[in-house]
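Biologist: I would like a close look at a single part of this protein, followed by an account of how that part sits within the rest of the chain. Please take your time and go residue by residue where that helps.

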Amino acid sequence: MTIDYDQLYVGGSFTAPAGRGTIAVHSPLTGDRLGSVPEADETDIDRAVAAARTAFDDPQGWSRWTPARRGEVLERFAVALEQRGAEFSRRVSIQNGMPITLAQAFEGGFPPVLVRYFARMMQDLPQEETRPGMLGGASRVIKEPIGVVAAIVPWNVPQAISFLKLGPSLAAGCTVVLKPAPETVLDAMLLGEAAAEAGLPDGVLNIVPGGRELGAYLISHPKVDKVSFTGSTAAGRSIASTCGQLLRPVTLELGGKSAAIVLDDANLSQQLEAFFGVTLLNNGQICWLNSRVLAPRSRYAEIVDTISDLASSVKLGDPLDPSTQMGPLVSQRQRDRVEGYIAKGLSEGARITTGGGRPAGLDSGWFVEPTIFADVDNGSTIAQEEIFGPVLSVIPYSTEDEAVAIANQSDYGLGGSVWTTDPERGEAVARRVQSGTIGINAYTNDPTAPFGGIKASGLGREMGPEGLAAYQVYKTIYLDPPKA
Ligand code: NAD
C-alpha cells in the first residue's frame, strides 16, 4: 500500500495546496513507488510564512506564552511523536535506506527526547536578568525568540535533523516553516500529523515539501527572520550569501571530511562496533562520519587489514531487516556519485583492499560495497572531497604531529575521533584537531553539548544551550535611572 497525501500541513491543519505538482517517492531498494505528497509552490510558501508570521506576531500568542505553557503543548507533541516512533522509523528507512535499527534510534527515538530537552531547558534557564550598571542605573537584559524560522533539512537523517531545529526554536517561542528534502517527504507529513494531534497553535509549524528552488525562495522571503540550514556546503554558501545580503541570521550545518586518528597504542579490534559507528553508519551518509582514517606507519598493514575485514563483514540488505547493517544508498544519483569517486580514487593511484563494486546477490537497490582505499595521499580527491557513501581512505602517518597536521589539512572541520588505549593522550591530540566536535574511542552526538562545524563545515551550533541561543535575540531595557 502506498502512502499518499493530497494536502499540506500549513496554518495548523491539512489544507489543499496551491501547487499543482506532486513529489513521488520511490524505494531505493526496489524502485517501487512508495507514495507521494503535493509539491508546494511559491504561493504555498507565502501562505506558510504568513501563517508563521501571524502566529509569531500575535500579542497573546505562542511567542508571548510562558515557557511552561509552551512546555505543556510541547509535551503533547513529544507524546504524539513517541506514539508514531515506529512509523517514523519505518518511513525513513524505506525512503532513504537507513537500516531500521538505526532509524529506530535516530528517527523514532531522538525527536521526542530533543523536544523535551529544550522545553525543559527553556523553563530552567533564566530568560532575563537585571544588571546593575556602572553609570548609575540598571539594565534589564531579556532573551526574546528570534521570530519566524525557515528550516531546511536534507534526506539523510531527516527527522533528527528537523528536531535539532524544531526542538529549540519552538521551545524558544519561534514559529517555523520547515522544508524537507524531496527524497524524504513521507516522514515529514507524519510530523505534520503529530503536530496537528498535539494541538500546536495554528501557524506555529508549517511543512512545505519541495526542491532547492523552493528552498531558495523560502530563505529569502521578506517575512522570515532566521534561517537554519543543514545540507551540502555548496548550497550552504549560496544560502549564506543570500542571508549576508539580507543581514539575516543563519545557522549552517554543512559537509565534512573528518579524520579518525588511530594512535600507535590503539586496540581497534576490540572497538569494532564503535569504529563502524564513526565511519560507516547510515550507509556512509552522515555529515560527521570519519571518512579519512589516519594510521601509524608502524602498524599500517595491520590496521588496514582490521578495517578491511570490518568493511567486508558488513551485512548489506533490506533496510527493514533488523540484521541489516547497511542498506542501499538513497538514489541512483547518489550511487553514481559514489562510484565516480571510487573510479577517481583508482585513477589517482590509491589501492582498494575491499569493496569497490556492487555487492553480489543484491541485484536491485542502489547498493555499493563498503570500500576501503589504502595508500591514500591526503591531497588526493577522495581524501579531500565529501563522498557521502561507504568509502574510507586510510592515510599513513609517521608521527603524532604529522597525524594532527593531516587531520587539519582539510577544507572541512566538523567531526573526528582519536583511537587510543590512553584517554589522556587521546584528549591531548583531540584538542589539537581543528574541528567543531571530536570523540575519543567513539563519537556520540549528545544533546547536552553543542554540535557543529568550522571552516567549510558551517556556522553556528545545534544542541546544548548554544542550540537554544541560536533562536533567541537579546533585548536590553535601560531602566528608569534613580532620581537624584
Ligand atoms: P543539499 O544541500 O543538496 O540539500 C539539502 C536541503 O537543502 C534539501 O532540502 C534541498 O532541497 C535544499 N536546498 C538545496 N539547495 C538549496 C538552496 N540553494 N537554497 C535553499 N535550499 C536548498 O544536500 P543533500 O544532498 O540533500 O544532503 C547531503 C549533504 O548534507 C552532505 O553534504 C552532508 O554532509 C550534509 N549534511 C550536513 C549535516 C550537518 O549537520 N553538518 C547533517 C546532515 C547532512
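Biologist: Is Glu462 buried or exposed, and what is its relative accessible area?

Modeller: Please keep in mind throughout that this is a predicted model. Glu462 is buried, with a relative accessible area of 3%, a value that falls in the buried class because that class takes in residues under 20%. The residue is located in the loop that runs between β22 (458-459) and α15 (464-469). Its side chain makes a polar contact of 2.8 Å with the side chain of Lys165. When neighbours within four places in sequence are set aside, the residues in contact with Glu462 include Leu164 and Lys165, Ser228 and Thr230, and Thr251 and Glu253. Ala449, Pro450 and Phe451 are also among its contacts, as are Gly467 and Tyr471.

To place this loop in the chain, it helps to turn to the domains. The domain assignment gives domain 1 as 3-254 + 457-476 and domain 2 as 259-446. The centres of the two domains, taken over C-alpha atoms, are separated by 31 Å, and the contact between them draws 26 residues from domain 1 and 31 residues from domain 2.

The nonpolar interior can be described next. The largest nonpolar core holds 87 residues, and among these Phe77, Leu200 and Leu205 touch the most other members. Helix α4 (residues 100-124) supplies the largest share of this core, with 10 residues. Both domain 1 (3-254 + 457-476) and domain 2 (259-446) contribute residues to this core, so it lies between them. Leu200, with neighbours within four places in sequence left aside, is in contact with Tyr9, Val73, Phe77, Leu170, Ala195 and Leu205. There is also a second, separate core of 34 residues, and its members include Val49, Val177, Ile219 and Ile239.

Asn206 shows how a polar residue can be enclosed in this model, for it is buried with a relative accessible area of 0%. Asn206 belongs to strand β10 (residues 205-207), and its C-alpha atom is 5.7 Å from that of Tyr9, although the two residues are 197 residues apart along the chain. Not counting residues up to four places away in sequence, Asn206 touches Tyr9, Val10 and Gly11, together with Ala48, Ala51 and Ala52, and also Val176, Val177 and Leu178.

Arg91, in helix α3 (residues 85-96), likewise counts as buried, at 8% relative accessibility. The side chain of Arg91 reaches the backbone oxygen of Leu186 at 2.9 Å. With residues up to four places away in sequence not counted, Arg91 touches Ile3, Tyr5, Leu186, Asp187 and Leu190.

In helix α10 (residues 300-312) one finds Ile303, which counts as buried at 1% relative accessibility. Apart from its neighbours within four places in sequence, Ile303 is in contact with Val262, Leu268, Ala295 and Pro296.

The ligand deserves its own paragraph. There are 28 residues around the ligand, of which Val153, Ser232, Leu254, Cys287 and Glu386 come nearest. A polar side-chain atom of Ser232 lies 2.6 Å from an oxygen atom of the ligand. For Lys179, a polar side-chain atom is placed 2.9 Å from an oxygen atom of the ligand, and for Arg212 the corresponding distance to an oxygen atom of the ligand is 2.9 Å. On its own the ligand has 840 Å² of accessible area, and the protein covers 92% of it.

Two backbone details remain. Most residues other than glycine have a negative phi. Leu247, however, has a phi near 50°, a positive value in a residue other than glycine, and it is found in the loop between α8 (233-246) and β12 (250-253). Asn441 has a phi near 60°, again a positive value in a residue other than glycine, and its place is in the loop between β20 (439-440) and β21 (454-455). Leu247 is exposed, with a relative accessible area of 76%, whereas Asn441 is buried, with a relative accessible area of 19%.

To return to the residue you asked about, Glu462 is buried, and its side chain is joined to that of Lys165 by a polar contact of 2.8 Å.

How values were computed: Residues numbered from 1 in each chain as written. Predicted model: local features only at pLDDT ≥ 70, side-chain atom pairs only at ≥ 80, totals over all residues. Heavy atoms only, no water. Core = buried A, V, L, I, M, F, W, Y, C linked by side-chain atoms within 4.5 Å. Buried < 20%, exposed > 50% of the residue type's maximum accessible area, 1.4 Å probe, protein only. Helix = DSSP H or I, 4+ residues; strand = E, 2+ residues; numbered from the N terminus. Domains from an automatic or database assignment. Contact = heavy atoms within 4.5 Å. Near = heavy atom within 4 Å. Polar contact = N/O pair within 3.5 Å; in protein donor to acceptor, adjacent residues only side chain to side chain. Areas by Shrake-Rupley, 256 points an atom, 1.4 Å probe, with all protein chains shown as cover.
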